[in-house]
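Thanks for coming, everyone. Please have a look at the structure on the screen, and then I will walk you through a few parts of it.

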Amino acid sequence: MDFEDTAEEAAYRAKVREWLAANAAEYKTPYEGDVDLVVRGKAWQAKKYDAGYVGITWPKALGGQGGTPMQQIIFNQEESKYWVPAGIYAIGLGMCIPTVFTHGRPEIIQRYVPVAMKGEEIWCQLFSEPAAGSDLAGIRTKAERDGDGWVINGQKVWTSGAHRADYGIIVTRTDPTQPKHKGLTMFIINMRAPGVEVRPIKQMAGASEFNEVFFTDVRIADDHRLGDVGDGWRVSLTTLMNERLAVGGKPTNSPDAHSLIELARAIDAEEGNMLEQSHVRQKIADVYIQDRGISLTRMRTMSAISSGRTPGPESSISKVVVAKLMQDMGSFAGDMAESAGLLMGDDASSLPHLEALRQGYFWSAGLRIAGGTDEILRNIIAERVLGLPGDIRPDKTVPFNELHKVVS
Amino acid sequence: MNFQFSEEAEALRDEARKFLAAESGREKARAVMNGDATHDAALWSRIAELGWTGLRIPEAHGGLGLSVLELCVLAEEVGRALSPVPFTSSVLMATELLMASGHDSAQAAWLPKLADGSAIGTVAWMEGNATRPDGSPKLACSGDRLTGAKLPVADGLAADFAIVTARDEAGALVIALVDLSATGVSRSACETVDLVRKSAKIVFSDAACTVLARADEAERLRARHLQGTAVLLAFEGLGSADAAMEMAVDYAKERVAFGRRIGGYQAVKHRCADMYIKNQLARSHAYYGAWALLTGAPELALAAAGARVAAIDALQFAAEENVQLHGGIGFTWESDCQFFYRRGRLLALNLGSRTFWSDQLVRALEQRNTDLAA
């Protein structure tokens with residue numbers, strides 16, 4: 001039992017470190033003020049692509065490196081020590097492109113995959129709808145045959161990064177007379193096509209990462225279909241599996257138990273220093289158990305990957321723990337800071353980590369929902385890991401256009 | 001990256017789990033709870049034959065000389081089975097402490113008997129009234145004589161010797177080994193929350209002892225022992241927590257209410273998922289503790305406290321929810337739920353409470369913050 005790399009892993013890590021030291025120097029410190037993430041992101045992605053650090057585990061035939069999952073993990077670990085602007089590609093390369101090369105036609109793969117790897121085109125994932133979040137197969141956006149193509153009408157929502165995306169993968173309903181999982185079809189859609197309208201949604205913390213997207217008679221050629229007609233649910237599972245791997249990690253440099261210690265030590269309350277108070281120490285221990293517990297659990301998962309085994313079900317607990325933990329840490333930090341916990345903007349307190357903890361508080365409210373709500377994730381653990389019975393789903397075998405009849 | 005047990009340790013786990021499933025079902029725990037015996041002596045001698053009592057003892061003293069990782073594996077399995085034997089007291093605590101003491105004559109006298117299971121040891125820290133495991137004991141040690149009392153002492157009626165904490169005339173800490181058959185030692189049964197692991201009150205009246213360590217050396221030995229035991233008890237607790245969760249999940253798959261199996265209701269499902277989450281967190285911390293113990297890493301203080309707190313949380317939650325998911329039957333005397341419920345309280349308090357270990361954990365984090373800043 002040890003935490004060391006194997007000889008091969010150590011050699012790869014050394015190579016990555018050397019490359020990052022030479023090529024990522026400008027990202028050593030966080031950027032300040034307004035920066036154009038797209039411009040910065042494209043420059044960084046192009047560098048990575050030229051050096052062979054994009055699609056590390058993907059087949060060489062696709063332009064990938066044919067490497068191991070451990071190599072990808074090592075690259076991610078080392079890259080995360082820099083403030084690189086890689087986030088705008090997380091959805092495209094993490095979820096959309098694997099779906100494209102798993103289910104797309106050869107000429108479509110050739111058209112889109114290399115360009116996406118170089119970072120020249122940005123992708124988004126168009127799944128959720130106003131009436132279909134956790135109940136993802138309940139989508140209504142429809143695609144209808146029209147000659148040798150399709151016409152799309154409807155609306156998506158919570159689409160991360162749609163405002164800067166060039167392309168998206170979209171799940172649509174092509175046969176409403178089938179039960180809801182059976183009448184779906186997946187496509188690649190051009191986000192600049194006539195009839196696509198992106199409207200940003202302002203989140204409670206003020207930023208606008210998500211969007212509503214409206215489709216009015218948007219045309220898609222049939223060769224942009226991913227998988228068979230009616231097979232969209234199975235195709236979307238490719239994306240969702242990759243999503244569960246991608247969503248849920250704590251962002252690099254986000255607050256942890258050490259941050260709470262430094263914050264508590266900086267607060268001299270009437271009853272004495274915060275860090276000396278028993279209830280504060282209990283809470284810090286709680287935070288450590290969960291936060292460090294998740295990172296240790298990841299190490300167990302990595303050990304399995306490193307030795308060529310399939311990771312166990314333990315990795316499924318990450319997001320459900322991390323999201324709520326961020327929320328708890330943020331509210332606890334505010335409680336410790338008393339009135340300073342209220343102040344924001346120019347009047348914000350300079351207490352250490354308080355602002356980052358507050359940001360985590362607002363951000364985590366979304367993280368508890370995105371990529372599978374706490375409730376859905378608990379269902380998954382209970383059903384797939386522990387083998388408990390599935391939920392009652394009275395809609396499962398009913399044709400989609402008759403679903404209104406089964407609502408109880 | 002190799003954050004997992006070796007194939008040999010995993011093989012030992014499989015073997016131990018099969019053996020205990022066949023030989024140590026919970027009815028044996030119930031028999032001890034309802035009877036007068038201090039433990040299941042037949043099971044204990046089978047365990048000794050398998051070499052588990054001498055797992056870590058050097059071959060020169062008749063043991064197998066294996067590593068602490070194998071001991072962690074057995075601790076988990078004995079915890080899973082709730083085996084009514086003095087494994088925790090004798091193997092996880094007394095044997096480890098005696099070996100760590102480096103006291104040659106005491107080791108020569110007792111390790112061979114511990115190895116073959118003919119002797120049982122225990123460690124007596126507590127004195128009944130809010131004793132903290134790092135506090136100053138009241139038991140008085142004058143020369144090689146002890147006067148005072150310890151309670152509760154787990155497996156204190158079954159044990160042949162006890163390793164006690166005491167203080168000398170100058171107030172310094174003493175760690176001493178007492179042969180419990182010696183003149184001046186009297187024992188009586190002492191009821192605790194856990195009715196399977198029987199405890200005693202032991203009174204010493206000018207009883208002879210062997211001093212294993214004194215003053216600063218004793219402080220170091222105690223601190224190190226607390227950390228090591230925290231890890232081993234975390235594995236024991238983890239085994240019990242997984243067993244409690246499995247008992248709850250099995251019941252949820254069988255019990256029918258309102259026309260369906262209760263495990264299909266989200267209120268029940270989500271409790272089961274939460275048990276799984278806490279157990280996985282506890283498992284990861286326990287592995288970290290095992291690694292730190294094996295390698296003597298500077299992270300041991302932090303890893304041990306983390307393992308201890310996570311295991312306490314996991315077992316307590318699983319034990320409580322197991323009763324809850326069983327409904328009324330769960331809090332009857334006949335139900336096995338009470339074993340976990342009671343064991344949860346025992347393991348939460350027999351080596352310092354969650355409050356104590358949370359404080360230890362934050363101390364270790366503060367230390368690390370200081371080290372990082374330096």
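Between chain A and chain B the count of salt bridges is 7, and I should say at once that this is a predicted model, so please keep that in mind as we go. One of these salt bridges joins the side chains of D286(A) and R354(B), with a nitrogen-to-oxygen distance of 2.5 Å. Which helices of chain A supply at least two residues each to the side that touches chain B? They are α7 (257-265), α8 (278-306), α9 (318-337) and α11 (374-385), and of the elements on that side α8(A) gives the most, with 20 residues.

Turning to the interface as a whole, 56 residues of chain A are in contact with 45 residues of chain B, and the area buried between chain A and chain B comes to about 4,600 Å², with carbon and sulfur atoms giving 62% of that area. Across this interface there are also 25 residue pairs in polar contact, counting pairs in which both residues have pLDDT 80 or more.

Now let us move to another helix, α4 of chain A, which runs over residues 90-103 and so has 14 residues. From its first C-alpha to its last, α4(A) reaches 19 Å, which is close to the 20 Å expected at 1.5 Å a residue. Where does α4(A) have a kink? The kink, of about 35°, lies at C96(A), shortly before the proline P98(A). Is this helix mostly covered or mostly open? Mostly covered, with 10 of its 14 residues buried, and both C96(A) and P98(A) are among them, as are G92(A), F101(A) and H103(A).

Definitions and conventions:
Residues are numbered from 1 along each chain as its sequence is written. Chains are lettered from A and ligands numbered from 1 in the order in which they are written. This is a predicted model: local features need pLDDT of at least 70, side-chain atom pairs count only at pLDDT 80 or more; totals for chains, interfaces and linings use all residues. Side-chain values use heavy atoms; hydrogens and water are left out. Helices (H or I, at least four residues) and strands (E, at least two) are DSSP runs, numbered from the N terminus. The expected span of a helix is 1.5 Å times one less than its number of residues. The bend at a residue is the angle between axes fitted to the seven residues ending there and the seven starting there. Buried means under 20% relative accessible area, exposed over 50%, partly exposed in between (1.4 Å probe, protein chains only). Contact means heavy atoms within 4.5 Å. Buried area is the accessible area (1.4 Å probe) that two parts lose on being put together, summed over both. A salt bridge is a side-chain nitrogen of Lys or Arg within 4 Å of a carboxyl oxygen of Asp or Glu. A polar contact is a pair of N or O atoms within 3.5 Å; within protein, one must be able to donate a hydrogen and the other to accept it, and residues adjacent in sequence count only if both atoms are side-chain atoms.
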